[in-house]
Amino acid sequence: MMGRTPGATTVKRARCGVLAAMSVLGLLVVIAALRTAPLPANLYLSLGWLLPVLLPLRGVLANSRRTHAWATLCVAPYIIAGVMETIANPTLRSLATLIVFASLAWFAALIRYLRVTRPETGPSPPAPPAPA
């Protein structure tokens with residue numbers, strides 16, 4: 001840990017955790033805005049949109065490294081759906097673009113948290129001598 005102080009690392013981890021939590025909550029707001037879009041008002045469709053965000057929410061808010069790792073997989077459906085709607089549906093283009101940017105921000109925040117909290121690897125111990 002050359003050049004790093006323990007307090008600075010803790011502050012960095014806390015900031016990255018808050019950034020990941022804020023980005024997931026921002027994506028929730030964008031998804032909630034879908035209810036005002038000219039789509040069929042279907043409760044099950046709305047729950048289907050919210051489920052991939054709500055699954056890792058507890059672990060993200062608790063700063064669980066394992067949850068941050070698998071939550072990156074939950075971002076893919078939003079990126080795919082957002083890009084698809086941006087291209088195919090001109091009436092939802094602005095909302096779909098917001099979904100793409102919010103999901104990319106969530107993904108970047110998750111990756112940033114994982115990089116900051118990565119366990120440090122020190123030099124490997126010397127190999128034992130070979131038997132003679």
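**Contacts, surface patches and helix packing in an all-helical model**

Setting aside neighbours within four places in sequence, Thr72 contacts Phe107, Leu110, Ile111 and Leu114. Thr72 sits in the loop between H4 and helix H5 (76-88). The residue is buried, because its relative accessible area is 13% and the cut-off for burial is under 20%. These values come from a predicted model.

One of the partners of Thr72, Phe107, lies in helix H6. Phe107 is partly exposed, at 34% relative accessibility. Not counting residues up to four places away in sequence, Phe107 touches Thr72 and Val75. Phe107 is also paired in space with a residue far back along the chain. Ser23 is 84 residues away in sequence, yet the two C-alpha atoms are 8.6 Å apart.

The overall fold was examined next. The protein has 6 helices and 0 strands. From the N terminus on, the order of elements is α-α-α-α-α-α. The chain has 132 residues, and 33% of them are buried. Contacts between residues at least 6 apart in sequence were considered as a group. Of these, 72% join residues at least 24 apart. The exposed surface of the protein comes to about 8800 Å². Carbon and sulfur atoms supply 70% of that area.

Ala102 offers a second view of helix H6, where this residue is placed. Ala102 is buried, with a relative accessible area of 13%. Leaving aside neighbours within four places in sequence, Ala102 is in contact with Leu27 and Val30. Val24 is 78 residues from Ala102 along the chain. Their C-alpha atoms are separated by 8.1 Å.

Val24 also appears in a pairing with Leu54. These two residues are 30 apart in sequence and 9.0 Å apart in space, C-alpha to C-alpha. Leu54 belongs to helix H2 (residues 43-54). Leu54 is partly exposed, at a relative accessible area of 45%.

A further pairing involves helix H5, which contains Pro77. Pro77 and Ser103 are 26 residues apart along the chain, with 9.3 Å between their C-alpha atoms. Pro77 counts as partly exposed, at 41% relative accessibility.

Two patches were found on the surface, one nonpolar and one of positive charge. The nonpolar patch is formed by Val18, Met22, Leu25 and Leu61. Together these residues have about 380 Å² of accessible area. Helix H1 (residues 6-33) gives the largest share of this patch, 3 residues. Met22 is placed in helix H1. Met22 counts as exposed because its relative accessible area is 54%, and exposed means over 50%.

The positive patch gathers Lys12, Arg13, Arg65, Arg112, Arg115 and Arg118. H1 and helix H6 (93-116) are the elements that give two or more residues to this patch. H1 therefore contributes to both patches. Arg65, another member of the positive patch, is placed in helix H4 (residues 65-71). Arg65 is partly exposed, with a relative accessible area of 32%. That value qualifies Arg65 for a patch, because patch residues need over 30% relative accessible area.

The loop before H4 holds a backbone feature of its own. Asn63 lies between helix H3 (57-61) and H4, in the loop that joins them. Asn63 has a positive phi of about 60°, although this residue is not a glycine. Asn63 is partly exposed, with a relative accessible area of 34%.

Taken by burial, the residues described here fall into separate classes. Thr72 is buried at 13%, and Ala102 is buried at 13%. Leu54 is partly exposed at 45%, as is Pro77 at 41%. Met22 is exposed at 54%.

Key: Residues numbered from 1 in each chain as written. Predicted model: local features only at pLDDT ≥ 70, side-chain atom pairs only at ≥ 80, totals over all residues. Heavy atoms only, no water. Patch = residues over 30% accessible without salt bridge, like charges linked within 9 Å, V, L, I, M, F, W, Y side chains within 5 Å. Areas by Shrake-Rupley, 256 points an atom, 1.4 Å probe, with all protein chains shown as cover. Salt bridge = Lys/Arg side-chain N within 4 Å of Asp/Glu carboxyl O. Helix = DSSP H or I, 4+ residues; strand = E, 2+ residues; numbered from the N terminus. Buried < 20%, exposed > 50% of the residue type's maximum accessible area, 1.4 Å probe, protein only. Lys, Arg positive; Asp, Glu negative; His and termini not counted. Charge placed at Lys NZ, Arg CZ, Asp CG, Glu CD. Contact = heavy atoms within 4.5 Å.
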